[in-house]
Amino acid sequence: MRYLFIYFCSLMLLGCSSGLKVSIPDKYTDTQNQSIGFLVGTLGATTVWPSTGETLVTTLHIREVSTRSSILMSDDDIENEVITLTNENQHFDFKNEKEIGQLFTLPLPVGEYEIFQVTIKGSNGNQTFTQKTDEDLSLKFEITAANASYIGEFIAKSRVAESQLWNLKFPSGYGYFLHGYNKARDEVLFYELNPQLTGIQFDVKTLATIKNRLIYTKINKS
């Protein structure tokens with residue numbers, strides 16, 4: 001399992017240097033005696049004015065499902081169980097006429113996990129806004145041994161405001177995610193960016209139906 005630890009360290013360095021910030025508790029890096037799988041997905045933003053999400057800072061908050069039911073844990077203990085993935089849209093692994101994005105690949109112990117919260121920070125030029133889901137999202141997925149568990153793409157988009165003085169539309173500083181699946185693109189990206197994992201099976205993990213003001217379902221792509 002040592003090669004997985006080395007690979008994990010390289011991922012952390014790559015994530016920080018490329019603009020995708022990863023925070024993961026120590027318990028997930030001590031994988032010497034555990035079966036490992038890989039969490040895969042993309043974080044990105046639309047680029048079409050004025051709904052571009054490029055100026056938004058977006059974060060996915062992930063934890064093991066078992067953590068949620070541990071009522072005896074303190075707030076600090078719970079915080080130490082949380083994995084976060086943050087994108088400031090400074091770099092990208094793919095770009096087209098409408099959006100940019102980065103692929104994330106995290107080695108994790110086998111088990112059941114969930115995205116329980118998302119956070120979006122933005123600005124309209126005068127004020128800074130922070131939005132987060134008020135309730136647990138409970139978007140569950142399973143990490144299975146020696147598999148890439150693909151949970152789809154999370155594309156940030158800005159809500160649009162309109163100037164009453166100039167009748168111009170512009171990003172409001174508030175935003176939301178469009179969630180969908182682009183397996184054809186992201187599977188290719190996964191193997192291109194992780195040539196040492198060519199023997200890993202790439203599996204789509206379909207999340208539960210999302211009903212939240214900060215995440216909307218995107219039309220799926222094959």
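This is a walk through a predicted model, stop by stop, with a suggestion at each stop for what to select next.

**The nonpolar core**

Begin by selecting Leu 39, Leu 108, Ile 115, Phe 141 and Phe 177, which are the residues with the most contacts inside the largest nonpolar core, a set of 46 residues. If you then colour strand 10, you will have picked out the element that gives this core its largest share, namely six residues. In soluble globular proteins, nonpolar side chains tend to be buried together.

Keep Phe 177 selected and display its surroundings: leaving out residues up to four places away in sequence, Phe 177 touches a set of residues that includes Leu 43, Leu 60, Val 118, Ile 120, Phe 154, Ile 155, Leu 214 and Tyr 216.

**Leu 178 and strand 11**

Move next to Leu 178, which sits in strand 11, spanning residues 169-180. Is Leu 178 buried or exposed? Its relative accessible area is 16%, and because the limit for buried is under 20%, Leu 178 counts as buried. Apart from neighbours within four places in sequence, Leu 178 is in contact with Glu 153, Phe 154, Ile 155, Lys 157, Tyr 216 and Lys 218. Drawing a distance from Leu 178 to Phe 154 should give 5.7 Å between the C-alpha atoms, although the two residues are 24 apart in sequence.

**A nonpolar patch on the surface**

Now select Leu 165, Trp 166 and Leu 168, which form a nonpolar patch on the surface with about 420 Å² of accessible area together. Leu 165 belongs to the loop between strand 10 (147-162) and strand 11, and, at 68% relative accessibility, Leu 165 is exposed.

**Gln 117 in strand 7**

Turn to Gln 117 in strand 7, residues 111-123, a residue that counts as buried at 18% relative accessibility. Show its side chain and follow it to the backbone oxygen of Thr 133, which it reaches at 3.3 Å. Beyond neighbours within four places in sequence, the contacts of Gln 117 include Thr 59, Leu 60, His 61, Lys 132 and Leu 137.

**Salt bridges**

The structure holds nine salt bridges. Side chains of opposite charge can pair when their charged atoms come close.

Select Lys 21 and Glu 88 to see one of these pairs, with 3.2 Å from N to O. Lys 21 lies in strand 1 (residues 20-23) and Glu 88 in the loop between strand 4 (83-87) and strand 5 (94-95), so that the pair links distant parts of the chain, 67 residues apart. Lys 21 is partly exposed at 42% relative accessible area, and Glu 88 is likewise partly exposed, at 29%.

Then select Lys 27 and Glu 81, whose side chains meet in a salt bridge at 2.8 Å, N to O. Because Lys 27 lies in the loop between strand 1 and strand 2 (36-46) and Glu 81 in the loop between helix 3 (75-79) and strand 4, the pair ties together parts that are 54 residues apart in sequence. Lys 27 is partly exposed, at 36%, whereas Glu 81 is buried, at 15%.

For a pair within a single helix, select Glu 187 and Lys 183, both in helix 4 (residues 183-193) and four residues apart, about one turn of the helix. The closest N and O atoms of this salt bridge are 2.7 Å apart.

Finish by selecting Glu 99, Glu 153, Arg 185 and Asp 186, which are linked in a network of salt bridges; Glu 153 is also among the contacts of Leu 178.

Terms used:
Residues numbered from 1 in each chain as written. Predicted model: local features only at pLDDT ≥ 70, side-chain atom pairs only at ≥ 80, totals over all residues. Heavy atoms only, no water. Helix = DSSP H or I, 4+ residues; strand = E, 2+ residues; numbered from the N terminus. Buried < 20%, exposed > 50% of the residue type's maximum accessible area, 1.4 Å probe, protein only. Contact = heavy atoms within 4.5 Å. Patch = residues over 30% accessible without salt bridge, like charges linked within 9 Å, V, L, I, M, F, W, Y side chains within 5 Å. Areas by Shrake-Rupley, 256 points an atom, 1.4 Å probe, with all protein chains shown as cover. Salt bridge = Lys/Arg side-chain N within 4 Å of Asp/Glu carboxyl O. Core = buried A, V, L, I, M, F, W, Y, C linked by side-chain atoms within 4.5 Å. Polar contact = N/O pair within 3.5 Å; in protein donor to acceptor, adjacent residues only side chain to side chain.
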